[in-house]
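The exercises below concern the structure shown next. Each task is followed by a solution in steps.

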Amino acid sequence: MPKYYVALVDLGNNQMRVPVKAALNPYNHRPAYCAGMPQFFGGTDDNDQPPAVVMEAELTQESRRTLELTSGSPHSLIHSGAMFFYYALEGQWVVTGTPWGPAANPSEQEMDRLVTVDLTRFNTGMDDQAIIDELVRQTGSNLQTNGGADFNQSATRPAFIALIRGYLAGTL
């Protein structure tokens with residue numbers, strides 16, 4: 001089954017909103033894959049739905065109803081096997097006004113927090129690892145953990161690099 005993921009970018013303010021994975025998987029209470037690391041919002045399409053529908057539902061759940069997609073399909077970024085990464089620009093998503101609070105169900109427990117990443121802290125002279133190091137620094141994450149080891153091997157790492165390089169190149 002395909003998995004669809006979306007990053008929220010605000011070009012006007014040079015920012016992106018990033019969820020950070022919770023330490024524990026809320027479904028089996030074991031350490032989560034990529035625990036404590038920055039993520040895209042998203043998940044598996046279990047019902048053969050359009051990508052935008054899946055991403056909209058996942059964003060609502062994983063942001064604990066604090067963010068939502070509003071208009072148009074997000075833009076395709078990259079794919080890896082059955083994992084498809086997208087981004088939505090500021091005209092395609094909004095902050096709902098609902099405060100981040102306790103999770104109402106397991107799907108809302110997948111992320112520990114939301115972080116606003118300052119995209120002006122990245123520059124074209126950075127290599128891939130420097131980009132990841134800055135992303136990790138801004139999200140309060142740690143590559144020297146099991147979650148960090150997972151992240152370094154995940155499709156999410158090159159997706160963040162592609163997204164940030166697209167921002168730097170002005171191609172988003």
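**Exercise 1. Salt bridges**

Classify Asp112 as buried, partly exposed or exposed, and do likewise for its salt-bridge partner.

Solution. Asp112 has a relative accessible area of 40% and is therefore partly exposed; buried means under 20% relative accessible area, exposed over 50%, and partly exposed in between (1.4 Å probe, protein chains only). The partner is Arg113, with the closest N and O atoms 2.8 Å apart. A salt bridge requires a side-chain nitrogen of Lys or Arg within 4 Å of a carboxyl oxygen of Asp or Glu. Arg113, at 27%, is also partly exposed.

Before going on, note the basis of the values. The model is predicted: local features need pLDDT of at least 70, side-chain atom pairs count only at pLDDT 80 or more, and totals for chains, interfaces and linings use all residues. Residues are numbered from 1 along each chain as its sequence is written, and side-chain values use heavy atoms, with hydrogens and water left out.

Next, state how many salt bridges there are, and describe the one between Arg165 and Asp128.

Solution. The count is five. Arg165 and Asp128 meet at 2.9 Å, N to O. Arg165 lies in helix H4 and Asp128 in helix H2, so this pair ties together parts 37 residues apart in sequence. Helices (H or I, at least four residues) and strands (E, at least two) are DSSP runs, numbered from the N terminus. Arg165 is partly exposed at 29%, and Asp128 is partly exposed at 34%.

Finally, which residue forms a salt bridge with Glu108?

Solution. It is Arg65, with the closest N and O atoms 2.3 Å apart. Glu108 sits in the loop between S7 and S8, and Arg65 in the loop between helix H1 (51–62) and strand S4 (67–69), 43 residues away. Glu108 is buried, at 5% relative accessibility, whereas Arg65 is partly exposed, at 35%.

**Exercise 2. A hairpin and an adjoining loop**

Describe how S5 and S6 pair, then list the polar contacts of the Gln92 side chain with His75 and Ser73.

Solution. Step one: S5 (residues 75–80) and S6 (residues 83–88) are antiparallel, with five bridges; strands pair if DSSP finds at least two bridges between them. His75 has Tyr87 as its bridge partner in S6. Two residues separate the strands of this hairpin, and Gly81 in the turn has a positive phi of about 60°.

Step two: Gln92 lies in the loop between S6 and strand S7 (93–95), and counts as buried because its relative accessibility is 10%. Its side chain reaches the backbone oxygen of Ser73 at 3.0 Å and makes a polar contact of 3.2 Å with the side chain of His75. A polar contact is a pair of N or O atoms within 3.5 Å; within protein, one must be able to donate a hydrogen and the other to accept it, and residues adjacent in sequence count only if both atoms are side-chain atoms.

**Exercise 3. Nonpolar cores**

Which residues touch the most other members of the largest nonpolar core?

Solution. Among its 32 residues, they are Val9, Met16, Phe40, Tyr87, Phe122 and Leu163. A nonpolar core is a set of buried Ala, Val, Leu, Ile, Met, Phe, Trp, Tyr and Cys residues joined through side-chain atoms within 4.5 Å. H4 gives the most to this core, six residues. A second, separate core has twelve residues, including Val6, Met55, Leu67 and Ala88.
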